[in-house]
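Work through the exercises below with the sequence and the model open. Each task is followed by a solution in steps.

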Amino acid sequence: MKNPIDEITAEEDAVTIDAVMSRTPNTIRDADLDALVEAMRRDRARFIVAEAKKAEKAEGLDDDARDPE
Amino acid sequence: MQEIRSEFELKPRELPKFWDASTFRTFMECPRKFELSVLDGWSEAESAVDLEFGSLVHLGLETFYNNIAQGKTHDECVREAVRAVLHASWDYEEDKPKLGHYADAWHCLGTEKYRNEKGNTAKCPYSHKGKVFIGPDPETCGACGSPTRALRVWVPADKVKCRKQAVRVVVWFAEEFKDTHLELVSIGGQPLTEFHWQKAINDGLVFCGNVDGVFKLGDSLFVVDYKTTRQSLGKSYFRQYDPNPQVEFYNAFREAISEGLGLKIEGILIQAIALTQNGVKFGVGIFRQSAARRQEVVAEIAYWLHIAEMMAKRGFFPRNTSACFRCAFRQVCAAEPTARETILRENFIRARWNPVTRQKEAVEGTAS
C-alpha cells in the first residue's frame with residue numbers, strides 16, 4: 001500500500017487546510033472537517049519523517065566528529 | 001523630607017481572598033509585581049494572544065476527552081474537538097477568524113526576464129512559489145517588470161500561537177496519545193476534565209485552582225496540566241517543574257483537589273506541547289512529592305502569606321530587583337516613581353486574572 005504522504009503533496013494539504021479554515025465554522029460540513037483532519041494527520045507524518053531525517057543527519061555529524069578519519 | 005514623610009503615609013491594602021498557584025508564584029517572584037498585577041490589575045496588552053491560544057488548546061482537548069467519555073469513536077472525537085476550536089476562534093460579528101487579520105498582498109507572475117546582481121538570467125525573487133508580499137498590489141513588479149497578482153492573505157498575530165496551530169495541536173495530540181496507557185478518569189459518566197477546586201482556610205482565605213484533567217496511568221491517578229511552550233522538550237525543560245510553585249502547590253493540595261471524588265491522586269503529570277512554526281512535539285513529565293516535601297511546601301505557603309499580610313498592612317510591596325529579567329513591569333520599575341503611573345496607563349491594560357473564573361476581567365471603575 002502506498003503511503004498517503006507520497007500521493008498528496010504538502011502544498012495540496014495546505015490548500016485543503018486553508019480552504020476549510022477560512023470558512024465560517026457553522027457552514028463547514030462533517031466531510032470538510034474530516035478532510036481538514038486528514039490533511040493535518042499527513043502533515044504530522046511528514047513532520048515526523050523530516051525530524052527523523054534531521055536526527056539521522058545530526059547523528060552522522062556526531063559520528064564524523066568522533067572519527068576524524 | 002517629603003520622601004521620608006511619604007514612607008509613613010502608606011495606606012493598607014486588601015489582599016485577595018482567592019489564591020491560586022499563579023497568585024503565589026507572582027508574590028514569591030516579586031511583591032511589587034504582585035501589587036501591580038494582582039492587586040491593581042495591570043496586565044500586558046499583548047498577552048491576550050497567549051491567553052486566547054491557551055484557551056483554544058484547552059477547549060479542544062477538553063472537547064476531545066469529553067467525547068471519548070461519551071463513547072464516540074476516535075475520529076468523531078477529533079472532529080468535534082476541531083469543530084469546537086474553529087467555532088471558538090471565529091469572530092462571528094465581523095465574520096472572520098480571531099488571532100490575526102486579513103491584509104492585501106501581491107505576488108509577481110514572473111513572465112518577464114529577470115537578471116540577478118551578476119547579470120545572469122534567473123527567476124525573479126518576487127515570483128518564487130508560495131512567496132507573497134504584504135502591501136498594496138504594485139501591478140508591475142519593480143524587480144523584473146512582470147505583471148503582479150493581487151491577493152488577500154491571512155496574517156496571524158503570532159506565527160506560532162495562531163488559529164491553525166491550535167487545530168493542529170488538537171489533531172496531532174489525538175494521534176500522539178491514541179494508543180497510550182493514559183486514561184481519563186470519569187465518575188458516574190462525568191469525565192474529570194477542566195474542573196475548579198477550592199480549599200477554604202478561613203473566611204478571608206481560599207486556596208483554589210483549575211485542573212485540566214485527572215488521568216490514570218497504570219494504577220496511579222495524576223492531575224494533568226497542559227503546558228504549551230516555545231522551548232524544546234529536553235531534560236532541562238522538565239527540570240523547571242521540580243521545584244516549581246505550581247507543581248508543588250498542586251501536590252500540597254492534592255487531597256483537597258480529590259476531596260469528595262473518592263480518589264487518591266499521587267502526583268502531577270505535565271503534558272508539554274512544544275510549538276514551532278512547522279509542527280508540534282509532545283512530552284510528559286511526572287512529579288510526585290513525598291509527604292515530608294509537601295509539608296515543607298505548606299509551611300512555606302503559610303510563611304509567604306504572613307509576609308503578604310505584613311506588606312498589605314503597611315501598604316508597601318517592595319521590588320525584588322533580582323527578578324526583573326523578562327518581567328513585563330521592568331520598564332515601570334526602572335522609571336522615576338512619579339512617571340510610573342503614566343507608563344502603566346500608556347503600555348498596559350487593566351485586566352485582572354480571576355483564579356475562580358480563570359479569565360482576565362476588566363478592573364471596575366477603570367477604562368481598559
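Three exercises on this predicted model follow.

**Exercise 1. Strand pairing**

Task: Determine which strands pair with β14 (residues 205-217) of chain B, and in which sense.

Solution:

Step 1. Start with the parallel partner. Strand β1 (residues 18-19) of chain B pairs with β14(B) in the parallel sense, over 2 bridges. In this pair W19(B) has F207(B) as its bridge partner.

Step 2. Turn to β13 (residues 193-202) of chain B, which runs antiparallel to β14(B) and is joined to it by 8 bridges. Q198(B) is bridged to C208(B) of β14(B). The connection between β13(B) and β14(B) is a hairpin through 2 residues.

Step 3. Take β15 (residues 220-229) of chain B next. Its pairing with β14(B) is antiparallel and has 5 bridges, with L221(B) of β15(B) as the bridge partner of K216(B). These two strands also form a hairpin with 2 residues between them, where G218(B) has a positive phi near 65°.

Step 4. Add β10 (residues 182-184) of chain B, an antiparallel partner of β14(B) over 3 bridges. Here L182(B) lies opposite L217(B).

Result: β14(B) is parallel to β1(B) and antiparallel to β10(B), β13(B) and β15(B).

**Exercise 2. A helix pair**

Task: Classify the packing of helices α2 (residues 21-29) and α3 (residues 31-39) of chain B from the angle between their axes.

Solution:

Step 1. Two values describe such a pair: the angle between the axes and the distance between them.

Step 2. For α2(B) and α3(B) the angle is about 135° and the axes are 5 Å apart.

Step 3. Roughly antiparallel requires an angle over 145 degrees, and roughly perpendicular covers 65 to 115. The helices α2(B) and α3(B) are therefore oblique to each other.

Step 4. List the residues that meet. From α2(B) these are T23(B), T26(B), F27(B) and E29(B); from α3(B) they are P31(B), K33(B), F34(B), S37(B) and V38(B). By class, this contact has 4 nonpolar, 3 polar and 2 charged residues.

**Exercise 3. The side of chain B that touches chain A**

Task: Describe the side of chain B that touches chain A by its elements and its residue classes.

Solution:

Step 1. Count the residues: 17 of chain B are in contact with 14 of chain A.

Step 2. Assign elements. Those of chain B giving two or more residues are α5 (74-88) and α6 (163-176). The largest share, 7 residues, comes from α6(B).

Step 3. Sort by class. This side of chain B has 7 nonpolar, 3 polar and 7 charged residues.

Technical notes
Residues numbered from 1 in each chain as written. Chains lettered and ligands numbered in written order. Predicted model: local features only at pLDDT ≥ 70, side-chain atom pairs only at ≥ 80, totals over all residues. Contact = placed C-beta atoms within 7 Å. Helix = DSSP H or I, 4+ residues; strand = E, 2+ residues; numbered from the N terminus. Nonpolar A, V, L, I, M, F, W, Y, C, P; charged D, E, K, R; others polar. Pairing = 2+ DSSP bridges. Axes fitted to C-alpha atoms, helices over the stretch in contact; angles between N-to-C directions. Parallel < 35°, antiparallel > 145°, perpendicular 65-115°, else oblique.
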